[in-house]
Amino acid sequence: ANCVNGFPKAGVSDPGLWAAMTQGAIRESGKMNAQDVANCVNGFPKAGVSDPGLWAAMTQGAIRESGKMNAQEIANCVNGFPKAGVSDPALWAAMTQGAIRESGKMNAQGLANCVNGFPKAGVSDPGLWAAMTQGAIRESGKMNAQDVANCVNGFPKAGVSDPGLWAAMTQGAIRESGKMNAQEIANCVNGFPKAGVSDP
């Protein structure tokens, strides 16, 4: 799991390596703890690994370990599984419960990853989005350009219209606008109107 998490950071894309990592992860998936599963779910998509057997094993592991996952581990799973196209209802129910439970401990990046990831899986749970809204308001001052853009892109997909949230996102986008890349700007330009934000 540490290898799967680390190799993408070093830009390692050797197909033979990733085939071996995939086989190893499937073989050992039943022994993986919460951190191991989260590291794999975070790392494999970065290497473009789409093996169905791998993702079935990771799904089972995440459901099994979800009750033990901390805030970062939940966020890594919510960010990673959609990239592999995983839509298992039991998985997303477990991730929803975990995110609600850990939302008070999530940092800016973790919250932004959840806000960006859950809509891709079609999760509309009101309790989840209330928790994500509170968290994003709390952490908005610490969000970087990517975090703000992910939130502005994700919250409208869940129909979140909380005025306090959008005031915080507006301030964050103004603050971080000079650091945003083209995609982040486009996400903001696309997202703010859906929330009815018209700040000059």
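1. Phe-44 sits in the loop between helix H3 (34-43) and helix H4 (52-65). Helices here are DSSP runs of H or I with at least four residues, and strands are E runs of at least two, numbered from the N terminus. Phe-44 counts as buried because its relative accessibility is 0%. Buried stands for under 20% relative accessible area, exposed for over 50%, and partly exposed for what lies in between (1.4 Å probe, protein chains only). From Phe-44 to Asn-144 the C-alpha to C-alpha distance is 25 Å, with the two positions 100 residues apart in sequence.

2. The model is predicted: local features need pLDDT of at least 70, side-chain atom pairs count only at pLDDT 80 or more, and totals for chains, interfaces and linings use all residues. Residues are numbered from 1 along each chain as its sequence is written, and side-chain values use heavy atoms, with hydrogens and water left out.

3. Asn-79 belongs to helix H5 (residues 71-80). A relative accessible area of 12% is why Asn-79 is called buried. Its C-alpha atom lies 7.2 Å from that of Asn-42, and the two residues are 37 apart along the chain.

4. How many disulfides does the structure hold? The count is zero, where a disulfide is a pair of cysteine sulfur atoms within 2.5 Å. Cys-114 is in no disulfide, and the nearest cysteine sulfur, on Cys-77, is 9.7 Å away. Cys-114 is buried, with 0% relative accessible area. Cys-40 also has a relative accessibility of 0% and so counts as buried.

5. Salt bridges number ten in the structure. The term covers a side-chain nitrogen of Lys or Arg within 4 Å of a carboxyl oxygen of Asp or Glu. One of them pairs Glu-102 with Lys-105, at 3.9 Å from N to O. Glu-102 is buried, at a relative accessible area of 8%, whereas Lys-105 is exposed, at 64% relative accessibility. Another network of bridges, with shared partners, joins Arg-27, Glu-28 and Lys-31.

6. Within that network, Lys-31 and Glu-28 meet through their side chains in a salt bridge of 3.7 Å, N to O. Is Lys-31 buried or exposed? Lys-31 counts as exposed, since its relative accessibility is 67%. Glu-28 is partly exposed, with a relative accessible area of 27%.

7. A further salt bridge links Glu-65 and Arg-64, whose closest N and O atoms are 3.1 Å apart. Glu-65 has 8% relative accessibility and therefore counts as buried. Arg-64 is partly exposed, at a relative accessible area of 39%.

8. Which residues form a positive surface patch? They are Lys-9, Lys-46, Lys-83, Lys-120, Lys-157 and Lys-194. Patches take residues with over 30% relative accessible area and no salt bridge; like charges are joined within 9 Å, and nonpolar side chains (Val, Leu, Ile, Met, Phe, Trp, Tyr) within 5 Å. Lys and Arg count as positive, Asp and Glu as negative, and His and the chain ends are not counted. A charge is placed at NZ of Lys, CZ of Arg, CG of Asp or CD of Glu.

9. Lys-120, one of the patch residues, is in the loop between helix H7 (108-117) and helix H8 (126-139). Lys-120 counts as exposed because its relative accessibility is 52%.

Methods. Areas by Shrake-Rupley, 256 points an atom, 1.4 Å probe, with all protein chains shown as cover.
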